Amino acid sequence: MKLISKDREFYKAVAHLALPIDLQSLITLSVNLVDTVMVGQLGETSLSAVSLANQFIGTYQASCLGIGMGASVLISRFYGGKDMESVKRTVTVTLRFTVFFGLIFTLAAAAVPGFLMRIYTGEEEIVSKGVSYLRLSAFCYVIHGLTLTATLLLRSVGKSGIPMISSAVAFFINLAGNYVFIFGKLGLPSLGVWGAALSTLLARIFEFAFVAGYLFFFDKTVGYRIRDIFGRCSSVAGEYFRIGLPVFASEAMLAVGNNVLAMIMGRIGASFVAANAMTTVTQQLSTVLLQGLSQSGCILVGQTLGREERGKLPKASGDETENSLKNDERGQAVEQAWAMLGLGLLTGIVGGALILFSSDFVISVYRVTEETAAITKQLMRAMGIIVVFQSADSVLTKGVLRGGGDTRFLLVADVLFVWIASVPLGFLAGLVWKLPAFWVYFLLKTDRIISCGWCLWRLRSGKWIREIGAEKNR
């Protein structure tokens with residue numbers, strides 16, 4: 001198959017879906033960058049504390065994304081087939097699951113923040129600052145989770161613009177809050193790390209009010225309303241847990257694996273943690289198009305496979321017509337998948353070049369020691385290579401293979417290589433062999449390289465296209 005499609009409509013569809021998602025991602029990453037830079041002005045200890053606290057918060061966010069992305073696979077299929085009642089019921093299952101999971105994380109962050117911080121580091125000064133950040137963050141878990149899942153649900157039906165507007169306004173709320181609360185402006189006391197958490201909380205509240213308010217009161221595409229939360233959803237619950245639960249488990253277990261990697265980094269030292277925080281933000285900014293590409297790939301492939309085309313074909317009956325329809329849908333989805341992989345590779349190459357050429361400038365923005373700056377330089381060199389594989393892998397695992405319904409295979413691909421490659425190799429490289437930072441970081445991220453090759457093999461096999469829901473009963 002070709003990595004470049006001749007179908008201009010395909011690229012228009014990708015742009016229509018991906019650009020609002022990418023703009024929202026850019027805004028979100030800008031929030032993270034502003035937080036990192038502003039907190040970094042307080043010193044490496046504060047930067048490390050917030051970075052490690054965000055590892056726990058990131059686990060929750062990844063879990064919510066897993067819940068929402070699992071639903072997105074189903075909704076894309078149902079929406080492509082114009083089965084709006086199943087779309088509504090899928091939304092109901094998703095929101096209920098999100099609230100339940102959010103309450104668990106809220107309880108953990110409020111009750112045992114010290115225990116959570118000590119998972120990542122044994123340095124008490126970092127633990128102390130991280131505890132204050134986690135305690136305040138506990139208030140926003142449920143609403144932030146609902147915002148994340150509602151955002152993914154709206155994207156699945158082509159409503160990417162609403163979450164983008166919400167994130168844009170939330171960015172300025174967070175920026176203003178950081179300036180006032182962290183540094184003590186407008187006559188208020190300087191709150192430091194606690195102020196950063198307060199600013200984030202205010203931004204999360206606004207995002208929830210905007211996105212959830214639109215979904216529940218104004219959206220006409222799905223027509224979902226608050227009363228639907230209490231409706232029956234048993235007809236899709238089984239299918240959601242068959243297709244969606246592996247996505248949730250994949251995102252959650254991958255986040256747990258990344259947390260273990262963060263624990264390893266925390267044991268290496270505060271300088272490595274701070275360097276990783278700067279490298280991660282730079283990598284995310286350099287590949288900002290990637291999230292939009294991945295999600296648009298999932299949605300496009302899902303809608304293609306779920307689209308009801310019979311009305312466009314000459315009326316006939318029998319298996320021949322149905323098989324012809326199925327083959328047409330399958331062939332189009334396969335072509336889209338390979339073209340999306342080509343876009344992912346291009347994004348990774350451009351992103352890697354940006355990381356390598358911008359490293360000196362990025363490091364100069366922060367107030368860090370020479371040791372931390374030197375480690376950051378090595379980490380960015382490693383990431384400049386890794387990001388090519390990571391981009392291709394993301395388009396496959398978070399995009400086209402997931403849109404094909406191959407979620408159980410992806411559960412293995414996402415989780416297995418973290419535990420059999422990245423965790424043991426990273427531990428040995430950083431804490432036993434004491435290798436240079438470049439090799440420690442490269443080995444900590446080696447799972448993405450292996451997963452890229454593994455998923456490319458799966459794409460070539462053609463076994464990634466699975467039947468979902470009503471398709472199985474045609």
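Helices are DSSP runs of at least four residues, numbered from the N terminus. In this predicted model, the secondary structure of the chain comprises 16 helices and zero strands.

The C-alpha trace extends over about 75 × 45 × 35 Å along its principal axes. The radius of gyration of the chain is 22 Å, which agrees with the value near 23 Å that a compact globule of 474 residues would have. Buried residues account for 58% of the 474 residues, and among contacts between residues at least 6 apart in sequence, 84% join residues at least 24 apart. The accessible surface amounts to about 19700 Å², with 65% of this area belonging to carbon and sulfur atoms.

In the interior, the largest nonpolar core contains 107 residues, of which Phe-56, Met-117, Tyr-133, Leu-134, Tyr-141 and Phe-272 touch the most other members. Helix H2, which covers residues 44-80, contributes the largest share of this core, with 16 residues. A second, separate core consists of 31 residues, including Leu-300, Val-334, Leu-410 and Cys-452. When neighbours within four places in sequence are left aside, the contacts of Met-117 include Ala-49, Leu-52, Ala-53, Ile-126 and Leu-134.

On the surface, a nonpolar patch is formed by Met-253, Val-256, Val-412, Leu-416, Trp-419 and Ile-420, which together have about 480 Å² of accessible area. Helices H9 (234-268) and H14 (407-432) each supply at least two residues of the patch, and H14 gives the most, with four residues. Val-256 lies in helix H9 and is classed as partly exposed because its relative accessibility is 34%, a value between the limits of 20% and 50% that bound this class.

Technical notes
Residues are numbered from 1 along each chain as its sequence is written. This is a predicted model: local features need pLDDT of at least 70, side-chain atom pairs count only at pLDDT 80 or more; totals for chains, interfaces and linings use all residues. Side-chain values use heavy atoms; hydrogens and water are left out. Patches are made of residues with over 30% relative accessible area and no salt bridge: like charges are joined within 9 Å, nonpolar side chains (Val, Leu, Ile, Met, Phe, Trp, Tyr) within 5 Å. Accessible areas come from the Shrake-Rupley method with a 1.4 Å probe; for residues, only the protein chains shown count as cover. A salt bridge is a side-chain nitrogen of Lys or Arg within 4 Å of a carboxyl oxygen of Asp or Glu. Buried means under 20% relative accessible area, exposed over 50%, partly exposed in between (1.4 Å probe, protein chains only). A nonpolar core is a set of buried Ala, Val, Leu, Ile, Met, Phe, Trp, Tyr and Cys residues joined through side-chain atoms within 4.5 Å. Contact means heavy atoms within 4.5 Å. The radius of gyration is taken over C-alpha atoms; the globule rule is 2.2 Å times the number of residues to the power 0.38.
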